[in-house]
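Reader: I should like to learn how the features of a protein model are read. May we go through one together, feature by feature?

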Amino acid sequence: MATHYYTASSLDGFIATTEHSLDWLLRQEIDMEGPMAYPEFEKRIGALALGASTFDWVMRHEGGVWGYTQPTWVFAHGSREVPQGADVRIVSGDVAPVHAEMLSAAGDKDLWIVGGGDLAGQFADAGLLDEVWVQYAPVTLGAGAPLLPRELDLELIDFARNQSFLCGRYRVLRPE
Ligand SMILES: NC(=O)c1ccc[n+]([C@@H]2O[C@H](COP(=O)([O-])OP(=O)(O)OC[C@H]3O[C@@H](n4cnc5c(N)ncnc54)[C@H](OP(=O)(O)O)[C@@H]3O)[C@@H](O)[C@H]2O)c1
């Protein structure tokens with residue numbers, strides 16, 4: 001079982017604008033049946049974690065409907081309204097105990113850190129992030145929510161072009 005951070009990014013390393021807009025991403029061409037696309041990736045996922053801004057974006061974008069079936073942990077300091085029937089719990093603080101809960105909920109499947117970048121960084125800080133998958137859109141934003149604001153060494157283990165996107169899959173290298 002592995003813990004993945006799978007996300008799309010601008011070429012200059014931002015996953016959303018400073019106003020938390022993803023319009024730059026949603027207008028790009030992608031083949032959902034193509035290499036490294038989300039539907040194939042999601043089949044391996046048994047539990048999700050996301051930060052408060054990402055949760056808020058999903059709720060706004062989906063009109064308050066929660067679309068994921070996997071057990072989900074949302075990191076937030078304040079409270080959040082969770083749609084009825086959604087398998088979502090709000091947590092805060094250290095990611096390590098949450099990671100242990102996610103592992104036991106996921107069965108033999110993998111874990112997905114949806115974002116943002118600092119939350120993925122918190123899992124990396126704890127030595128709990130195994131892979132980073134990035135779909136690079138042909139856009140620069142100049143500023144915004146950072147892709148992964150940490151100093152990490154990664155090994156490129158796969159790559160592909162999917163229409164507009166340059167897709168990379170990286171293994172997180174642990175310090176010796
Ligand atoms: N391009 C893509 O594919 C992609 C993927 C994912 C996300 N996104 C977008 O990227 C943006 C990411 O926003 P962001 O950088 O602000 O990151 P975020 O992780 O979505 O939200 C950050 C917030 O999460 C809460 N948080 C994080 N760690 C916590 C912890 N350990 N304990 C308690 N609360 C914690 C804090 O919220 P509070 O202190 O405010 O409660 C923090 O301000 C969003 O707009 C999202 O929609 C894009």
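Author: Let us begin with a term. A nonpolar core is a set of buried Ala, Val, Leu, Ile, Met, Phe, Trp, Tyr and Cys residues joined through C-beta atoms within 7 Å. Please keep in mind that this is a predicted model.

Reader: Which residues of the largest nonpolar core touch the most other members?

Author: They are A49, M102, I113, A120 and L129, in a core of 38 residues. A120 shows what such a position is like. Leaving aside neighbours within four places in sequence, A120 is in contact with Y5, I113, G115, L129 and L148.

Reader: A120 belongs to the buried residues of α5. Which others are buried there?

Author: Besides A120, the buried residues of α5 are G117, L119, G121, Q122, F123 and A124. In general, an α-helix has 3.6 residues a turn, so residues three or four places apart point the same way. In α5, 7 of the 9 residues are buried, so this helix is largely enclosed by the rest of the structure.

Reader: I turn now to the strands. How should one read the two faces of a strand?

Author: In a regular strand the side chains alternate between the two faces of the sheet. Strand β4, residues 72-75, is covered on both faces. T72 and V74 are buried on one side, and W73 and F75 are buried on the other.

Reader: With which strands does β4 pair, and in which sense, parallel or antiparallel?

Author: β4 pairs in the parallel sense with β3, residues 45-51, over 4 bridges. With β5, residues 88-91, the pairing of β4 is likewise parallel and also has 4 bridges. W73 illustrates both pairings: A49 of the core stands opposite W73, and in β5 the bridge partner of W73 is R89. In addition, L50 has V74 of β4 as its bridge partner.

Reader: What kind of unit do β3, α3 and β4 make?

Author: They make a right-handed β-α-β unit. The loop between α3 and β4 contains G67. This residue, G67, is exposed, because 9 other C-beta atoms lie within 10 Å, and a residue with 12 or fewer is counted as exposed.

Reader: How does β3 continue the sheet beyond β4?

Author: β3 also pairs with β6 in the parallel sense, over 5 bridges. L48 stands opposite W112 in β6, and the bridge partner of A47 in that strand is L111. As for burial, 5 of the 7 residues of β3 are buried, and the strand is mostly covered.

Reader: Why is β6 described as largely enclosed by the rest of the structure?

Author: The reason is that 6 of the 6 residues of β6 are buried. β6 pairs with β1 as well, in the parallel sense over 3 bridges. In that pairing, H4 has W112 as its bridge partner in β6.

Reader: Let us consider the ligand. Which residues come nearest to the ligand?

Author: Of the 26 residues around the ligand, G51, S53, W57, G115 and G116 come nearest. The elements that give two or more residues to this shell are β1 (3-10), β2 (14-16), α3 (52-61), β6 (110-115) and α5 (117-125). By class, the shell has 12 nonpolar, 13 polar and 1 charged residues.

Reader: And what should one look for in the backbone itself?

Author: Most residues other than glycine have a negative phi, and most peptide bonds are trans. Exceptions therefore deserve attention. Here the peptide bond from G115 to G116 is cis, with omega near 0 degrees. G116 is placed in the loop between β6 and α5.

Reader: Which residues other than glycine have a positive phi?

Author: H20 is one of them, with phi near 65 degrees. H20 lies in the loop between β2 and α1 and is partly exposed, with 15 other C-beta atoms within 10 Å. Q163 is another, with phi near 50 degrees. The place of Q163 is in the loop between β9 and β10, and Q163 is exposed, with 11 other C-beta atoms within 10 Å.

Reader: What is the phi of G127, just after α5?

Author: G127 takes a positive phi of about 75 degrees.

Terms used: Residues numbered from 1 in each chain as written. Predicted model: local features only at pLDDT ≥ 70, side-chain atom pairs only at ≥ 80, totals over all residues. Buried ≥ 20, exposed ≤ 12 C-beta atoms within 10 Å, placed from the backbone. Contact = placed C-beta atoms within 7 Å. Near = placed C-beta within 6 Å. Nonpolar A, V, L, I, M, F, W, Y, C, P; charged D, E, K, R; others polar. Pairing = 2+ DSSP bridges. Right-handed = clockwise from strand over helix to strand, strands pointing away.
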